[in-house]
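Here is a friendly walk through one protein model, with the sequence and the coordinates at your side. Keep the viewer open as you read.

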Amino acid sequence: MDLKEQLKIYDEIVDKAELVRKGKTMFYTSDNGYMFSQLNKAGEIGIRLSKEDTIDFDSKYKAQAFKSYGAIMKDYVLIPQDLLEDIKVVVLYLKKGHEYVMSLPPK
């Protein structure tokens, strides 16, 4: 799937989570001074999760590290392509990512 198609899916996920997508060339969500999701140049979606939610995600979907601009993004999980067929689940994890960054001290 190309970046344009992935951006449509990403926008749908962000919209259903009632959040705001930011960026013109690098697409992401952020709040409280922290990014908590991103669509990288490869068209992959990563969501930043708490340790507990990462463990939960890993047990269900075999979490892999999310890379952006050649770097592994700390606390992010790569959303598997086949999971994008279940938008409700991805929206749930995006909301968990938002809750997580809102629990951190503001930047």
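## The nonpolar core

In this predicted model, the largest nonpolar core has 28 residues, and those that touch the most other members are Ile13, Ile45, Ile47, Ile79 and Leu94. Four elements give two or more residues to this core: helix 1 (3-16), strand 2, strand 3 and helix 3. Helix 3 supplies the largest share, with eight residues. In soluble globular proteins, nonpolar side chains tend to be buried together.

Isoleucine 47 is a good place to begin exploring. Leaving aside neighbours within four places in sequence, isoleucine 47 is in contact with Phe36, Ser37, Asp75, Tyr76, Val77, Ile79, Val90, Tyr93, Leu94 and Gly97. Two of these contacts, Ile79 and Leu94, are also listed with isoleucine 47 among the core members that touch the most others.

## Strands 3, 4 and 5

How do the neighbouring strands line up? Strand 3 (residues 45-48) and strand 5 (residues 71-78) run antiparallel and are joined by three bridges. Within this pairing, isoleucine 47 stands opposite valine 77 of strand 5, and valine 77 is also one of the contacts of isoleucine 47.

Strand 5 has a second antiparallel partner in strand 4 (residues 65-68), again through three bridges. Here serine 68 stands opposite alanine 71 in strand 5. The two strands make a hairpin with two residues between them, and tyrosine 69 in the turn has a positive phi of about 55°. Strand 4 itself has two faces: Phe66 and Ser68 are on the covered one, while Ala65 and Lys67 are on the uncovered one.

## The aromatic cluster

The whole structure contains four aromatic pairs. One of them is the tilted pair of phenylalanine 57 and tyrosine 61, with 5.0 Å centre to centre and 45° between the planes. These two residues are four apart in helix 2 (residues 51-61), so about one helical turn separates them. Their surroundings differ: phenylalanine 57 is buried, with a relative accessible area of 0%, whereas tyrosine 61 counts as partly exposed because its relative accessibility is 26%.

Phenylalanine 57 also pairs with tyrosine 93, and because the planes stand at 90°, this pair is edge-to-face, with ring centres 5.0 Å apart. Tyrosine 93 lies in helix 3 (residues 87-103) and phenylalanine 57 in helix 2, so the pair ties together parts that are 36 residues apart in sequence. Both of these residues are buried. Together, Phe57, Tyr61 and Tyr93 form one aromatic cluster.

Tyrosine 93 has another neighbour worth displaying. Lysine 96 lies over the face of the tyrosine 93 ring, at 6.0 Å from the ring centre. Tyrosine 93 is also among the contacts of isoleucine 47.

## A buried serine in strand 2

Which polar partners does the side chain of serine 37 have? One is the side chain of tyrosine 10, in a polar contact of 2.6 Å. Another is the side chain of threonine 29, in a polar contact of 2.5 Å.

Serine 37 is placed in strand 2 (residues 34-39). With a relative accessible area of 0%, serine 37 is buried. Apart from residues up to four places away in sequence, serine 37 touches Tyr10, Tyr28, Thr29, Gly46, Ile47, Tyr76 and Leu94. That list includes Ile47 and Leu94, two of the core residues that touch the most other members. For a sense of distance, the C-alpha atoms of serine 37 and aspartate 53 are separated by 14 Å, with the two residues 16 apart along the chain.

## Asparagine 40 in its loop

Is asparagine 40 buried or exposed? Asparagine 40 counts as buried, because its relative accessibility is 5%. This residue lies in the loop between strand 2 and strand 3.

The side chain of asparagine 40 meets the backbone at two places. A polar atom of this side chain lies 3.0 Å from the backbone nitrogen of alanine 42, and the side chain also reaches the backbone nitrogen of glutamate 44 at 2.8 Å. Beyond residues up to four places away in sequence, asparagine 40 touches Leu3, Phe66, Lys67 and Ser68. Among these contacts, Phe66 and Ser68 belong to the covered face of strand 4, and Lys67 to the uncovered one.

Note on methods: Residues are numbered from 1 along each chain as its sequence is written. This is a predicted model: local features need pLDDT of at least 70, side-chain atom pairs count only at pLDDT 80 or more; totals for chains, interfaces and linings use all residues. Side-chain values use heavy atoms; hydrogens and water are left out. Rings of Phe, Tyr and Trp (its six-membered ring) pair if their centres lie within 6.5 Å; planes under 30 degrees apart count as stacked, over 60 as edge-to-face and the rest as tilted. Buried means under 20% relative accessible area, exposed over 50%, partly exposed in between (1.4 Å probe, protein chains only). A charge sits over a ring if NZ of Lys or CZ of Arg is within 6 Å of the ring centre and within 35 degrees of the ring normal. Two strands pair if DSSP finds at least two bridges between them. Contact means heavy atoms within 4.5 Å. A polar contact is a pair of N or O atoms within 3.5 Å; within protein, one must be able to donate a hydrogen and the other to accept it, and residues adjacent in sequence count only if both atoms are side-chain atoms. A nonpolar core is a set of buried Ala, Val, Leu, Ile, Met, Phe, Trp, Tyr and Cys residues joined through side-chain atoms within 4.5 Å.
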